[in-house]
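Trainee: Hi, do you have a minute to go through this one with me?
Mentor: Sure, pull it up and we'll talk it over.

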Amino acid sequence: MKSIPCLRLLFFLSLAVSAFAGDRQVKIGFAQTGAESAWRTANTNSMKGEAAKRGFDLKFADGQGKQENQIRAIRSFVAQRVDVIVLAPIVETGWDPVLREARRAGIPVILTDRTIQTADESLYACFIGSDFYEEGRMAADWLARKVNGQGAIVELQGTPGSAPANERRRAFADAIAKHPGLKIIDSQSGDFRRAGGKEVMEAFLKKHGRAIRIVYAHNDDMALGAAQAIEEAGLKPGTDIILVSIDAIREAVQAVVDGRLNCTVECNPLFGPKVYDIIGPLIRKEPVPKKSYNKDELFDATNAAAVIAQREY
Amino acid sequence: MKVRSPLLWPLAGFVALLLLNAVFNPAFLKITLLDGHLYGVPVDILVQGSRTMLVALGMTLVIATGGIDLSVGSVVAIAGAVCAVLLQDGHGLALTLVAAVGAGVLAGSANGLLVARLGVQPIVATLILMVAGRGVAQLLVDGQVIIIASAPFEFLANGFVLGLPLAPLLVAAAYVSAHLLLRRTALGLFVEAVGDNEQASRFAGLAAARIKTLAYVFCGACAGGAGILTAANIRAADAYRAGENMELDAIFAVVVGGTALTGGRFLILGTAIGALLIQTLTTTMYNLGVPPAVAPVPKALLIIGVALLQSERTTRWLRGLAGRKEAA
């Protein structure tokens, strides 16, 4: 454990050196949650790559899944007098004190990916994230067209209570309400896990048998697990049972190309351009929209093959 | 008074759950033939439950020595990652499996060293690897989910031999060999002696530290095996999520199966029933259509029910109630 203070010292020294070396470059501090998934890695790479392209001086801090690391990172950003702080909050609560410190120093804070709960909305300048509701709606609309508004659906939910699971579930239910022929006959949580999707789908197949026409999964991992369960039950995923999911990880887009998955809606992690576009107006103290969303696309058999080569995650 | 088997309550709970399911959905117990192998919910329970069963087998011995191993979930992730990396580099299946179990043995040795030789509290010692182990697994696969495209590897978890699912057969073989090794030799007695009173067992001439270390090594090996099955089941190594909360399921299976957390007594068959019980419970939630946000509640109720029935004090109290009624 002794090496950690030394490392921290080194970290600060290197930051101090770079602070003196910089000319009037725009300085941005980015407090990332960690590196817990391929999505997150793609998100980090987008932020770093786009900063390099635009000549910004990006100070990157990996929170390693802990809020206290992120708070410490924000404090060090304030001490270094960065121009803008970008925060991907790991949890929703407990940010008020450190954000107040940033405001006192006159540094605007952009939230990305996830939002926070606070009584004082003015503590952050704006939020840029993924529109989970829109993703669920896109999936439902695509499905309604594909099956002409007819069919029995089983739903594989994400982790109960998580924002993407809640929103994707609500949006899908709202959208299919317009089609009386589309009905969710069962819904269980696969916890966003591949093994979970497979296990739940196995149980659904035994319980409902051939009644299941459509699977709607809140993420690709569960859809891929479900596809495997369908294969093991002697059916063809994508043909006998239609699979729709969200995230568009590379493996899922490949599965769409192979015909094992019918459609996946993107949850785009490439936030770099969108976030940096807003930084200029922010520094010039121009008004910016409080909430904006990254644009998501939809991949099915018509366009998956064309984009598979450029998928970054 | 006749001494009741400690297996009675978990077994009763298991049967009650099966009956409950059969009442709500008669197809629950139906087993059919599909493509020449057995197909049905009971088969699913066995296949899905086999991984927890294997982890719980190792956990039984560790708990019998008065310890606990929180690192098994992370070891599952490490073993899966080892499999993915080796198979991706084109190594053979045999080497891969040996390396994966070897990783488990290594992890178990580290735990054993800390607990038995250096005297660190088991809960703290294994907590270290629980946290660090997941990091190691992520490092191995570079934070990515690695797809494993190897038919023989997948066969281990999803294959059928003579129409019977292979994974439960492998786990059953592990149980039988563990039973023979522990109960047909004095080894089981040694484990119980160390768990009951380490000092007394040492004075009696037992190499207590070595027996404890062996228990952790065995537990690590079991977790390594479960890691292989976990990765093979989904044809992928998911270092971030594989084996998540598995230590809790395993400890539950052991305790429900009648092994005391204080050590000194273990029941291998009880652990197997406990593991099947927890898997059946999960499947029951799917079968009855219990909303996922509510599902933990009935689970908790059943667990506390079984635990209460096993407690001597509650049974004595219940018997007292019954006795008073008879007297009146």
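Mentor: Let's start with one pair: Glu244(B) and Arg193(A) form a salt bridge, and their closest N and O atoms are 3.2 Å apart. Keep in mind that this is a predicted model.

Trainee: How many salt bridges does the rule find across the interface of chain A and chain B?
Mentor: Four of them cross that interface.

Trainee: And which elements of chain A supply residues to the side that touches chain B?
Mentor: Strand S7 (182-189), helix H7 (194-208) and helix H8 (220-232) of chain A each give at least two residues to that side. H7(A) gives the most, with ten residues.

Trainee: What classes of residue make up that side of chain A?
Mentor: It has 14 charged, nine nonpolar and seven polar residues.

Trainee: OK, how many residues does each chain bring to the contact?
Mentor: Chain A brings 30 residues and chain B brings 34 residues. The two chains bury about 2600 Å² between them, with 48% of it on carbon and sulfur atoms.

Trainee: Why quote an area at all?
Mentor: The accessible area lost when the parts come together is often how the size of an interface is given.

Trainee: How many residue pairs are in polar contact between chain A and chain B?
Mentor: The count is 16 residue pairs, both residues being at pLDDT 80 or more.

Trainee: Changing topic: how do H2 and H10 of chain B pack?
Mentor: Helix H2 (residues 41-64) and helix H10 (residues 208-234) of chain B pack at an angle of about 170°, and their axes are 7 Å apart. An angle over 145 degrees counts as roughly antiparallel, so that is how H2(B) runs relative to H10(B).

Trainee: Which residues make that contact?
Mentor: From H2(B) they include Leu54(B), Leu57(B) and Met59(B), and from H10(B) they include Phe218(B), Cys222(B) and Leu229(B). By class, the contact of H2(B) with H10(B) has 14 nonpolar, six polar and one charged.

Trainee: What about H7 and H8 of chain B, what's their angle?
Mentor: H7(B) (residues 166-183) and H8(B) (residues 187-196) pack at about 75°, with their axes 5 Å apart. The two helices are therefore roughly perpendicular to each other. Leu181(B), Leu182(B) and Arg183(B) of H7(B) make the contact, and among their partners in H8(B) are Leu187(B) and Val191(B). The residues of this contact divide into five nonpolar, one polar and two charged.

Trainee: Last one: how many salt bridges are there over all chains?
Mentor: By this rule, 33. One is Lys53(A) with Glu50(A), whose closest N and O atoms are 3.5 Å apart. Both residues lie in helix H2 (residues 38-54) of chain A, three residues apart, about one turn of the helix.

Definitions and conventions: Residues are numbered from 1 along each chain as its sequence is written. Chains are lettered from A and ligands numbered from 1 in the order in which they are written. This is a predicted model: local features need pLDDT of at least 70, side-chain atom pairs count only at pLDDT 80 or more; totals for chains, interfaces and linings use all residues. Side-chain values use heavy atoms; hydrogens and water are left out. Contact means heavy atoms within 4.5 Å. Buried area is the accessible area (1.4 Å probe) that two parts lose on being put together, summed over both. A salt bridge is a side-chain nitrogen of Lys or Arg within 4 Å of a carboxyl oxygen of Asp or Glu. A polar contact is a pair of N or O atoms within 3.5 Å; within protein, one must be able to donate a hydrogen and the other to accept it, and residues adjacent in sequence count only if both atoms are side-chain atoms. Helices (H or I, at least four residues) and strands (E, at least two) are DSSP runs, numbered from the N terminus. Ala, Val, Leu, Ile, Met, Phe, Trp, Tyr, Cys and Pro count as nonpolar, Asp, Glu, Lys and Arg as charged, and the others, Gly among them, as polar. Axes are lines fitted to C-alpha atoms, for helices over the stretch in contact, and angles run from 0 to 180 degrees between N-to-C directions. Angles under 35 degrees count as roughly parallel, over 145 as roughly antiparallel, 65 to 115 as roughly perpendicular and the rest as oblique.
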